[in-house]
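Biologist: Could you take me through the labels used for this model? I would like to see how each one is earned.

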Amino acid sequence: MAASAHLKTQSEPHPPRSKRRKRRETTIPTFPYPHVVSSDGGAWCCAASSRPHHHHPPPLPASSASPPYPRRPPPLPPPLELELALAEEPSPSTSHHSPSPARSSPGWASPGATMDTATGTAAFPAHPSCLPCYSKFNSALNAGLLNPMSPPPLDKTRSSPTLFDMMANEQEYQPRASLPPPPPPPPADRAAPFQELMLHERIAEILGSCSPGNQFNDPDSSDVRLTLSSKDGLSVSLNVHHHILVAHSRFFAAKLSDRWSRQQHSLPHIVEISDCDDVEVYIETLRLMYCNDLRRRLMREDVSKVLGILKISAAIEFDAGVLSCLEYLEAAPWGEDEEEKVASLLFQLQLGSSGAGEVLKRVSLEVGPSSANEANSNGGQEILVRLLQVVLEGKDEKARREMKGLVSKMLRENSASYGRGGGCASGGDLSKESLYSACDGCLRLLRHHFLCAAAADLSEAAQIARQADNLHWLLDILIDRQMADEFLRTWAGQAELSEAHSKVPAIHRYEVSRVTARLFVGVGKGQILVSKEARCLLLSTWLEPFYEDFGWMRRACKGLDRHLMEDGLANTILTLPLAMQQEILLAWFERFLNSGDDCPNIQRGFEVWWRRAFWRRNGEPEQPPQLRIAAAV
């Protein structure tokens, strides 16, 4: 069938007239637009045959005269629906003019229909098999498939399900099978040939990289056939020269003596060295004996390779190779991982006065005469004390913060190394006396400037925050080293500062309360263990100033952990006897109701005290609770 089927209707022939009537032709396309185009330019939609039709005038009989005007189909009421069969194109043998039972309705026609001129009705061919396709066409029409401006409908049977669909139909989706485990690595016996092949390639590259004129591995001029065997069974044979081995190595001079040479009856002499740690490095060491400038040759290697050559050179007593390796290591930069290897190998080889001392001076202060060792016995501690003082007295605040972090990191690493070694701290660590000496100096300056500010002299008030920050940093170091118990007792005894606290403006004094807060956190976490009397003295001396400065600390201190301070204070209070807990927590309860966020929230500690005081435990005799409420002043 063509893209559109044409239906031509013509009335019966009439007697000739003076003015011939224009023939009327109607075209009905089947695709892509379901509408009817008339010869006079009118267009209308086709009505569905499945719906009941409105009453239309009956068709004119054949014998009746034609109307004086072209007949147009009457308008159809909306909504209109078209249901046509989208069947395949019929074969040429099938004619659309074959007679068949027909249905007629005025005002519409169908493709493949024939018009009966006698009755004025159209006859339709019967397509029973295509009737179920009406609904498919109608669905496609409603979905916009027949509209060229609309996107094609989604094929839900082919699209992947959405997350909502998978959640709604969870039972229908089976869990995807897990991926198969990766294949196991090849066993050692299979990997060994590959590694051996790669080693042979590297050795062949070494043997083939000799410059012209170099006699290393020259079969024509050599007189010794040297075979190197590794512990894993690898064996490599080289062509070397007796006089070169004897001249450069005391080991070969002793083994390949003239007496041994006379005992050999044929050339080349056969020599085998077994159980080599690294055959590749051994060949590199032997090749150095044929080089005029060993140091220049070593510049192509890295530190790890030079350490291997140094080890073999020391084993075969190749003095020129040892010296060249030490000169390289003394001048070349090391990585952090290589530094330990260098120091460990040099201490292991015990090379004496061959130049190893110059290399070890980069990593150890203990190399040198005994007088120098005695002079440097306390050098590490003196340097640390000096660094500490420089940080405490620095002028630039940003640089001070950075250097505080650096020195703290160095001290932690040094302390950890000292703890693992189990030695004394006389030579490389800060002593307790040095730290407390620095604390006393900062506390002395803080007391001076604080009392001056309390006396209305604010010229040096900025030093209060500076010295308080220094004390806070030193306290962190003491707590990290578990030495802060004496600091707590000293701080708890500063009654003079506590009394003058209210006379200093809050903007200058709140840094002092940070020291108190750090002590509360240390006691609450168990980092500082002191007696009950020291804890009571700390709270009685500094709790009220801490309450007064809490709002300033919360707003002014960046990165301050409020909850950490509150938990530390609550835990410190809970370490006291129950009667003291009651007195402090009831006073806090009233203050918190009046101050709100400017007072620390230690509600958790209050609940713990309440349960301790008024909940009877299993097995305890029932006693009437005794509650004494002290009115806050």
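Modeller: Gladly; we will go through some aromatic pairs, a charge over a ring, and then a sheet. Keep in mind that this is a predicted model.

Biologist: Let's begin with the rings. How many aromatic pairs does a search of the whole structure find?

Modeller: The search gives 15 aromatic pairs.

Biologist: What makes the pair of W491 and W542 stacked?

Modeller: Rings pair if their centres lie within 6.5 Å, and planes under 30 degrees apart count as stacked. For W491 and W542 the centres are 4.8 Å apart and the planes are at 10°, so the pair is stacked.

Biologist: Where in the chain do W491 and W542 sit?

Modeller: W491 belongs to helix 18 (residues 485-492) and W542 to helix 21 (residues 532-556). They are 51 residues apart, and the pair links distant parts of the chain. Both W491 and W542 are buried.

Biologist: Why are W588 and F592 called stacked?

Modeller: Their ring centres lie 5.3 Å apart with the planes at 25°, so this pair is stacked under the 30 degree cut-off. W588 and F592 are four residues apart in helix 23 (residues 578-595), so about one helical turn separates them.

Biologist: Why does W588 count as buried, and why does F592 count as partly exposed?

Modeller: Buried means under 20% relative accessible area, and partly exposed lies between that and 50%. W588 has 3% relative accessibility, so it counts as buried. F592 has 24%, so it counts as partly exposed.

Biologist: Which residues form one aromatic cluster with W588 and F592?

Modeller: F589, F606, W609, W610 and F614 form that cluster together with W588 and F592.

Biologist: How do you know that the charged end of R362 sits over the ring of W334?

Modeller: The distance part asks for CZ of Arg within 6 Å of the ring centre, and the direction must be within 35 degrees of the ring normal. The charged end of R362 is 3.8 Å from the centre of the W334 ring and sits over that ring.

Biologist: Now the sheet. What makes strand 8 and strand 9 edge strands?

Modeller: Three strands form an open sheet in the order 8-7-9, with mixed pairing. Strand 8 (235-240) and strand 9 (269-276) each pair on one side only, and they are the edge strands.

Biologist: How do you know that strand 7 and strand 9 pair?

Modeller: Two strands pair if there are at least two bridges between them. Strand 7 (residues 224-230) and strand 9 have six bridges, in the parallel sense. L226, for one, has V271 in strand 9 as its bridge partner.

Terms used. Residues are numbered from 1 along each chain as its sequence is written. This is a predicted model: local features need pLDDT of at least 70, side-chain atom pairs count only at pLDDT 80 or more; totals for chains, interfaces and linings use all residues. Side-chain values use heavy atoms; hydrogens and water are left out. Helices (H or I, at least four residues) and strands (E, at least two) are DSSP runs, numbered from the N terminus. Rings of Phe, Tyr and Trp (its six-membered ring) pair if their centres lie within 6.5 Å; planes under 30 degrees apart count as stacked, over 60 as edge-to-face and the rest as tilted. Buried means under 20% relative accessible area, exposed over 50%, partly exposed in between (1.4 Å probe, protein chains only).
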